[in-house]
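The exercises below are to be worked through with the sequence and the model in view. Each task is followed by a solution in steps.

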Amino acid sequence: MSHSMLSKTLYRPFLIAFFGLIIFCFQSQAAEQVTITSTANPTTFLELYTSQGCSSCPPAERWISTFTDDEKLWTDLIPINFHVTYWDYLGWKDPFASAVFSKRQRTYKALGKSRIVATPGFMVNGSGWQGWFYKQAIPVAKAPYLGNLKATINNSKINLEYDTVNTEDNTNQNLIAHVALLGFGIETQIHSGENAGHKLKHDFVVIGYEQSDMQTKQQLSLTDLPLPRANNVSPTKQALVFWVSEKSDPTPLQVAADWF
């Protein structure tokens, strides 16, 4: 065999492997892009405000966990579990609590949309709800369709589009885009405070959160968000929840969510 033929013979497997690697990388990058959109039907956005430092909260958390396998999850119902900071002084610092979530709950009360700031506390589509305490069903969303919300996740970036072109509601100025990373199957051993000695399990709990102002062009509002990250947490499953609200009111105008 000549030197040139030997070189070609040795070179051919290298080329095949090289182009195979390029194709694999391209497919891997393409596979990382995920799209999550809102549904055309009204979706119930259920907010639970809770704390690991509150002895009354574990029953509410067990209740919200029952929706993990609900067939209407993410299409008709989107639960979200916000942990607040105002019980940390009782001797246990909640690792999932955020002052941002405490402020969110207080803003609802300041706007007259809820009567109290307490845990467990519930909001349904931006209105205070006490039905859980009386074993009542969650109210079905009756709000009008408020446009399409679309999130495109590519690697660590999220492009969020909110299109109200087919609605009569054109109040799409001064909007805030939100994204929450939810964790499931998370267990925490509590060593002090009101729940000392108990192991608490959390589902739908916010383990990462980002928000951004939206830029409006005609009836399309746009923004880019970083993908939320969670440190020192090992959930069994994760989901992403997106919503858009006016800057002065936490009430979601449109929501979208799915497993991630």
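**Exercise 1. A strand pair**

In which sense do β9 and strand β10 (residues 199-202) pair, and over how many bridges?

*Solution.* The model is a predicted one, in which local features need pLDDT of at least 70 and side-chain atom pairs count only at pLDDT 80 or more, while totals for chains, interfaces and linings use all residues. Residues are numbered from 1 along each chain as its sequence is written, and side-chain values use heavy atoms, with hydrogens and water left out.

Step 1. Helices (H or I, at least four residues) and strands (E, at least two) are DSSP runs, numbered from the N terminus. Two strands pair if DSSP finds at least two bridges between them.

Step 2. β9 and β10 are joined by 4 bridges, in the antiparallel sense. Within this pair, I186 has H202 of β10 as its bridge partner.

Step 3. The two faces of β9 (residues 186-189) may then be compared: I186 and T188 form the covered face, and E187 and Q189 the uncovered one.

**Exercise 2. An open sheet**

Determine the order of the 5 strands in the open sheet, and identify its edge strands.

*Solution.* Step 1. The order is β1-β6-β7-β13-β12, with antiparallel pairing. In general, strands of a sheet pair through backbone hydrogen bonds, either parallel or antiparallel.

Step 2. The edges are β1 (34-37) and β12 (215-217), each of which pairs on one side only. Neighbouring strands of the sheet are turned by 20 degrees against each other on average, direction ignored; the axes used are lines fitted to C-alpha atoms, for helices over the stretch in contact, and angles run from 0 to 180 degrees between N-to-C directions.

Step 3. At one edge, β1 pairs with β6 over 4 bridges, in the antiparallel sense, and V34 stands opposite I153 in β6. At the other edge, 3 bridges join β12 to the antiparallel strand β13 (residues 220-226), where Q215 faces L222.

Step 4. Between β6 and β7, which run antiparallel, there are 7 bridges. One of the partnerships here links T152 with N159 in β7.

**Exercise 3. Backbone exceptions**

Which residue takes a positive phi in the hairpin of β6 and β7, and where else does the backbone merit attention?

*Solution.* Step 1. Most residues other than glycine have a negative phi, and most peptide bonds are trans.

Step 2. In this hairpin, which has 2 residues between the strands, N155 has a positive phi near 60 degrees. N155 counts as partly exposed because its relative accessibility is 42%; buried means under 20% relative accessible area, exposed over 50%, and partly exposed in between (1.4 Å probe, protein chains only).

Step 3. W74 also has a positive phi, of about 75 degrees, although it is not a glycine. W74 lies in the loop between α2 and β3 and counts as buried because its relative accessibility is 8%.

Step 4. The peptide bond from T119 to P120 is cis, with omega near -10 degrees. P120 belongs to the loop between α3 and β4.

**Exercise 4. The nonpolar cores**

How many residues does the largest nonpolar core have, and which of them have the most contacts inside it?

*Solution.* Step 1. A nonpolar core is a set of buried Ala, Val, Leu, Ile, Met, Phe, Trp, Tyr and Cys residues joined through side-chain atoms within 4.5 Å.

Step 2. The largest core has 33 residues, and L46, W74, I80, L182, F204, V241 and W243 have the most contacts inside it. Elements that each supply at least two residues of this core include β2 (44-50), α2 (58-65) and β14 (237-246).

Step 3. Contact means heavy atoms within 4.5 Å. Not counting residues up to four places away in sequence, I80 touches residues including L46, I64, L182, F204 and W243.

Step 4. Another core, of 24 residues, lies apart from the largest one; I36, L146, L160 and Y162 are among its members.

**Exercise 5. The chain as a whole**

What share of the 260 residues in the chain is buried?

*Solution.* Step 1. Buried residues make up 44% of the chain, which contains 3 helices and 15 strands.

Step 2. Of the contacts in the chain with a separation of 6 or more, 68% involve residues 24 or more positions apart.
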